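User: I would like a close look at one part of this model. Please start from a single contact and work outward to its surroundings.

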Amino acid sequence: MSRLATALAFAAVFAAPICVSAQQYPAKPVRLLVGFPPGAAADNVARIVANGLSPALGQPIIVENKPGAAGSIGAEVAAKSAPDGYTIFLGNVGSVSINPGVYPKLGINPVKDFIAVTQVVDVPSILIVHPSVPANNVKELVAYAKANQGKLNFASPGSGSLDRLEMELFRKLEKLDMVHIPYKGGAGPATAGLMGGETQLMFATAASAMPGVKSGRLKPLAVTSTKRIDTLPDVPTVAEAGYPDLKAGSWQGIFVPTGTPRDAVDKLFAVSTQVMKDADVIARLKHGGAEAVTSASPAEFQKYVAAETERWAKIAKEAGATPD
């Protein structure tokens, strides 16, 4: 046998297992890390997504909760895990794009330390006001706020929360002077304070706002999604209200550590986008106030995440947002 033939034979022997390995991914259970505790909105999404991914991938998907620091602890654990495709992270706008601009000593750079696979859901926010506020649309609210500069209080779940930063963006666009009242314990206490008249307005996720809206104790003026939501068909989008720059939402997506093999990324993308089209998955997500949304490609999602990180970092800096 010639040296060339021998070399080719050895190459074929050593290459074969690599090809088989790539074809077999995943060959063992995959863990899905969530940066929030069991029962949280992100955890609910994670379990719905995991239930869909498991049969599609042919392996168990084990959800692990790593709560703390507004999702930063879970993000860091995920980013520093072995980049082998067997650890995926359900990141959201806060843990991936807002926290880098709020936490000065974040242990990772999410844009560089993760490969963005695909968005899976979007949770729109609703601009809500107390019924005592004499405004039935955003323009009327702006006029009222300008006539009462420094007198209105707006609620939020915390200094660096999306709800707070959305209001800061609104304030900047219209040069409004309002007082920020942060609440501990998430959006629940903040919306309760608004219903009780302690504050006059806030941005809140649809899931947090809907109980008060349905009871008539909160008045919705606009939604931050690109289209109207089914549960509030008569409430316009912020773009329809004349504020396209206010488009926002608590998106969530699948991420893997940088260095994860391309075949694993492509497999996760293909399977995830199929799962998010399942009617049962869509219905279960919608019941929790989330809309199933997928990206055109991992590259498109990576580009979107980078843009979101730049956007919210600027707003957080201008607002002086700090860790709660």
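Which residue in strand 11 does Asp122 stand opposite? Take strand 4 as the part to examine, and follow its contacts into the rest of the chain.

Analyst: Asp122 stands opposite Glu291 in strand 11. Keep in mind that this is a predicted model.

Start with the strands. Strand 4 covers residues 114-122. Two bridges join strand 4 to strand 11, and the two run antiparallel. Both belong to an open sheet of six strands, ordered 2-1-3-10-4-11. The pairing in this sheet is mixed. Strand 2 (61-65) and strand 11 (291-292) are its edge strands, each pairing on one side only. In the strand order, strand 4 sits between strand 10 and strand 11.

Now the rings. The structure holds eight aromatic pairs. One of them is Phe114 with Phe255: the ring centres are 5.7 Å apart and the planes meet at 55°, so the pair is tilted. Phe114 lies in strand 4 and Phe255 in strand 10 (residues 252-257), so this contact ties together parts that are 141 residues apart in sequence. Phe114 and Phe255 are both buried.

Phe255 has a further partner. It forms an aromatic pair with Phe301, again tilted, with 5.3 Å centre to centre and 45° between the planes. Phe301 belongs to helix 12 (residues 298-319), and the pair links parts of the chain 46 residues apart. Why does Phe255 count as buried? Its relative accessibility is 1%, and the cut-off for buried is under 20%. Phe301 is buried as well, with a relative accessible area of 1%.

These contacts belong to a wider group. Ring pairs link Phe89, Phe114, Trp251, Phe255, Phe301 and Tyr304 into a cluster. Strand 4 supplies Phe114 to it. So the path from strand 4 runs through Phe114 to Phe255 in strand 10, then on to Phe301 in helix 12.

There is another ring contact to list. Lys28 lies over the face of Tyr86, at 4.7 Å from the ring centre.

A second strand pairing is worth a look. Strand 5 (residues 125-129) and strand 9 pair in the antiparallel sense over four bridges. Ile126 stands opposite Val223 in strand 9. Four of the five residues of strand 9 (residues 219-223) are buried, so this strand is largely enclosed by the rest of the structure.

Next, the open space. The largest pocket has about 1200 Å³. It is lined by 45 residues, and those closest to its centre are Phe36, Pro157, Ser161, Gly186 and Ala187. Five helices give two or more residues each to this lining: helix 2 (41-57), helix 4 (93-102), helix 7 (162-174), helix 8 (187-195) and helix 9 (206-215). Helix 4 gives the most, with six residues. By class, the lining has 22 nonpolar, 20 polar and three charged residues.

Finally, the whole chain. Its secondary structure comes to twelve helices and eleven strands. The C-alpha trace spans about 90 × 40 × 35 Å along its principal axes. Of the 324 residues, 50% count as buried. Phe114 and Phe255 fall in that buried class, as does Phe301.

How values were computed:
Residues numbered from 1 in each chain as written. Predicted model: local features only at pLDDT ≥ 70, side-chain atom pairs only at ≥ 80, totals over all residues. Heavy atoms only, no water. Buried < 20%, exposed > 50% of the residue type's maximum accessible area, 1.4 Å probe, protein only. Pairing = 2+ DSSP bridges. Phe/Tyr/Trp six-rings, centres within 6.5 Å; stacked < 30°, edge-to-face > 60°. Lys NZ or Arg CZ within 6 Å of the ring centre and 35° of its normal. 1 Å grid on protein atoms, 1.4 Å probe; cavity = no way out; pocket = protein on both sides within 12 Å on 5 of 7 lines; lining within 4 Å. Points joined across faces, edges and corners; volume = space filled by probe spheres on them. Nonpolar A, V, L, I, M, F, W, Y, C, P; charged D, E, K, R; others polar.
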